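Subject: Structure handover and notes

Dear colleague,

I am passing on the structure that you will find just below, and my notes on it follow. Please read them with the structure open beside you.

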Amino acid sequence: MKLFQWIGTQWHALPDYAHSTVYILALTIVLILSVAYLTLWERKLIGWMQMRRGPNRVRLFGIPHTEYIGQPFADVVKLLIKEIVIPARSNKVLFRLAPAITLIPAFAAWAVVPLFPGFAIAKVDAGLLYVLSLTSVGVYGVILAGWASNSKYAFLGAMRSAAQIVAYEIAMGFALVGVLMAAGSLNLGTIVEQQRGAPAHWNIVWLFPLFMVYFISGVAETNRAPFDVAEGESEIVAGFHVEYSGMAFALFFLAEYANMILVTGLTAIFFLGGWLSPLDGYLPADSALRSVPLLGLALGDGLQWLALKIFLLLCVFLWLRATFPRYRYDQIMRLGWKILIPITIVWIALEGVLAWFHVGPWRV
């Protein structure tokens, strides 16, 4: 007991930058492990949907009864020992830099994401703008990867992917304008608190069309099926990263899954109440049920609810991959420019009318 008290005393004595450094390291480790095991969960879940086993051979360091748990570590080792081939006529600096530009924003955006009440690594009032700016940076990594490879196939894949990302980035931005109008703040913590009360107060109720637009745009932004035209193997081999191998390719692979986790986390923050419990409004504040543990935390803590919402939304991502065939490129662009963007514009106008007459979340 004295040891824990001593650790607590030493922790509080550390400067703020030391606290931030520890939080960043802890969050980065959790995200990396989450990305690794998300790849395993995808293969297992889609395997069950298609009535097959999926990975079931790799134990965790040979420990009995841990079949398939070690698969992510085996994948990492396999990629580490593969040779990284750099094309002779490529721009070698940009070729090496592109994977990092794609991956880093997916991790850096978590700096302003509130994980539970009162906690965010960086308490930024304009957190919404910070997230929008970082999620837009990833497209530069895609363009650089295709251009620096000096390959026509890679360049064609990069252009297709960039055009798709730009189209759906606009729809995603318009959807967040609706969230901003509902919350009246750019602070992500304030956006969550504005939804407090009960699930009926969550933004998904009054902003359901914007929720659908944001989530669909998130699937397209991450180049996930059925929007994975950048990797159309039958047309352009493997898209913008066709010339990458080993860990250089793995960074693009990690960026895709890290962006999936980021998009689902932001969807939960903006539309599903973030850390707020779905039991709010149904249980009194002093109810004994609030102390029942879920994911190791009490029902009133908040972090476990955010994690559960992210997990369920990730399962929808994987479900979409197992269900829909790949769209044609013209279908994808038509959906982004002619359907999703007009829907957001109409709903933002409707929101303005509701706010004018003080209806719904805008009531005084």
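Please keep in mind throughout that this is a predicted model.

I begin with helix H4, which covers residues 92-108 and has 17 residues. From its first C-alpha to its last, H4 reaches 25 Å, close to the 24 Å expected at 1.5 Å a residue. H4 nevertheless carries a kink of about 25° at alanine 98, shortly before proline 99. Both of these residues belong to the buried set of H4, which consists of Phe95, Ala98, Pro99, Thr102, Leu103, Pro105 and Ala106. The partners against which the buried residues of H4 pack are helix H5 (127-148) and helix H11 (246-271).

Turning to H5, its 22 residues should span 32 Å at 1.5 Å a residue, and its end C-alpha atoms are indeed 32 Å apart, in agreement with that expectation. The buried residues of H5 include Gly127, Leu128, Val131, Leu134 and Gly138, and among the others are Val142, Ala145, Gly146 and Ala148. The buried residues of H5 pack against H4, helix H6 (152-183), helix H7 (188-193) and H11. After H5 comes asparagine 150, whose phi is positive, near 60°.

Within H5 I looked further at glycine 146, and the point to settle was whether this residue is buried or exposed. Glycine 146 counts as buried because its relative accessibility is 1%, and the cut-off for that class is under 20%. Leaving aside residues up to four places away in sequence, glycine 146 touches Ser151, Ala154, Phe155, Ala158 and Phe240. The C-alpha atom of glycine 146 is separated by 20 Å from that of methionine 333, a residue 187 places away along the chain.

H11, which packs with the buried residues of both H4 and H5, has 26 residues that should span 38 Å at 1.5 Å a residue, and this agrees with the 38 Å between its end C-alpha atoms. Of those 26 residues 20 are buried, so H11 is largely enclosed by the rest of the structure. Phenylalanine 249 is found in H11 but is partly exposed, with a relative accessible area of 28%. Residues up to four places away in sequence aside, phenylalanine 249 touches Leu79, His241 and Tyr244. Its C-alpha atom lies 8.6 Å from that of isoleucine 84, although phenylalanine 249 and isoleucine 84 are 165 residues apart in sequence. H11 is followed by glycine 273, which has a positive phi, near 80°.

Some backbone features in the loops also deserve a look. Most residues other than glycine have a negative phi, and most peptide bonds are trans. Tyrosine 68, in the loop between H2 and helix H3 (71-80), has a positive phi of about 70° although it is not a glycine. The relative accessible area of tyrosine 68 is 28%, so this residue is partly exposed. In the loop between helix H9 and helix H10 there is asparagine 223, with a positive phi near 60°. Asparagine 223 is buried, at a relative accessible area of 8%. The loop between H9 (208-221) and H10 (233-236) also holds proline 226, and the peptide bond from alanine 225 to proline 226 is cis, with omega near 5°.

Finally, I come to the second largest pocket, which has a volume of about 800 Å³. Its lining is made up of 29 residues, and those that lie nearest its centre are Val30, Ser34, Ile261, Ala307 and Ile310. By class, the lining divides into 26 nonpolar residues, two polar and one charged. Helix H2 (16-49) and helix H12 (303-323) each supply at least two residues of this lining, and the largest share, 13 residues, comes from H2. H12 is also the place of tryptophan 319, which counts as exposed because its relative accessibility is 52%, where the cut-off is over 50%. Between tryptophan 319 and valine 142 the C-alpha distance is 25 Å, and these two residues are 177 apart in sequence.

With best wishes

Technical notes. Residues numbered from 1 in each chain as written. Predicted model: local features only at pLDDT ≥ 70, side-chain atom pairs only at ≥ 80, totals over all residues. Heavy atoms only, no water. 1 Å grid on protein atoms, 1.4 Å probe; cavity = no way out; pocket = protein on both sides within 12 Å on 5 of 7 lines; lining within 4 Å. Points joined across faces, edges and corners; volume = space filled by probe spheres on them. Helix = DSSP H or I, 4+ residues; strand = E, 2+ residues; numbered from the N terminus. Nonpolar A, V, L, I, M, F, W, Y, C, P; charged D, E, K, R; others polar. Expected span 1.5 Å × (residues − 1). Bend = angle between axes of the 7 residues up to and from the residue. Buried < 20%, exposed > 50% of the residue type's maximum accessible area, 1.4 Å probe, protein only. Contact = heavy atoms within 4.5 Å.
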